[in-house]
Amino acid sequence: MSFRSASAPHVVPYLVLVLLLTMPVWTILTRPGLPLTQVGPLPVLQLQATTQGQMSLSLARLINAMGADALAAIKLNALLALLLLVIGVFSWARVSAGSRAGVLAAVVVAFAPLFLSTLFRDGDWSLLWMMTGLVWAAFGLLLAPWWGLALAGVGVFVATAAHPGLGVWAVGGLVLLASGNKRWFGIVALLVGGAIGVLLSTPW
């Protein structure tokens, strides 16, 4: 599918609308303290205990190394993943069906009970980053070659590095989708990005 031509001034109002409509979800991460989840302060303790471990905490480690405390680093890590997910869903749906569909898709995903449960009850930040990576990978498959392929590869790298188990199965679904549309270079990008993500996230 070809990229829908739309100038930035026409897209920006819809993107701002997406961010405004999803504010009740992502602004929770701007409040003092961590959301009350089943894992409690475990992500903060993991970040403080070691410089290795979950790839989904890599950005949090970088933020922590730049001077932010562990709690702020964890929250900024989750907030960025959440915002990138919402923007990615909007971008993918906009290319597929138009800007209004993009707004609707982003809002539906942000307020989906399963998504809210995963984020604010289970506190599974790795699953959040996996979903973000998969959305951007799917978006990349819709775009013009080479930079779209690069985006697809980076997306599946993030997905499999953050959550190797589920990430691999989800990437398999993207590969089937790409093969159905005969996007052979897209399949290569997905496989390479996924393989690198699994290798870097697997303890040897």
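Author: Two helices count as roughly antiparallel when the angle between their N-to-C directions is over 145 degrees. Keep that in mind as we look at this predicted model.

Reader: How many helices and strands does the chain have?
Author: Going from the N terminus, you meet α after α, right to the end of the chain. The tally is 11 helices and 0 strands.

Reader: Are α8 and α9 roughly parallel or roughly antiparallel to each other?
Author: Start with the angle: α8 (residues 125-142) and α9 (residues 147-162) pack at about 160°, with their axes 7 Å apart. The cut-off for antiparallel is over 145 degrees. So α8 and α9 are roughly antiparallel.

Reader: Of the residues in the contact of α8 with α9, how many are charged?
Author: Have a look at who takes part: α8 brings residues including Trp129, Leu134 and Phe139, while α9 brings Leu149, Val156 and Ala159, among others. Sorting the residues of this contact gives 14 nonpolar and 5 polar. The number of charged ones is: none.

Reader: Which element gives the most residues to the largest nonpolar core?
Author: That core has 31 residues, and Leu29, Leu82, Phe115, Leu119, Trp125 and Leu128 touch the most other members. Elements giving two or more residues include α1, α5, α7 and α8. The top giver, with 11 residues, is α5.

Reader: How many residues are in the second, separate core?
Author: Some of its members should look familiar: Leu141 of α8 and Ala152 and Val156 of α9 take part in the contact between those helices. These three belong to the second core, as does Ile187. The size of that core is 15 residues.

Methods. Residues numbered from 1 in each chain as written. Predicted model: local features only at pLDDT ≥ 70, side-chain atom pairs only at ≥ 80, totals over all residues. Heavy atoms only, no water. Axes fitted to C-alpha atoms, helices over the stretch in contact; angles between N-to-C directions. Helix = DSSP H or I, 4+ residues; strand = E, 2+ residues; numbered from the N terminus. Parallel < 35°, antiparallel > 145°, perpendicular 65-115°, else oblique. Contact = heavy atoms within 4.5 Å. Nonpolar A, V, L, I, M, F, W, Y, C, P; charged D, E, K, R; others polar. Core = buried A, V, L, I, M, F, W, Y, C linked by side-chain atoms within 4.5 Å. Buried < 20%, exposed > 50% of the residue type's maximum accessible area, 1.4 Å probe, protein only.
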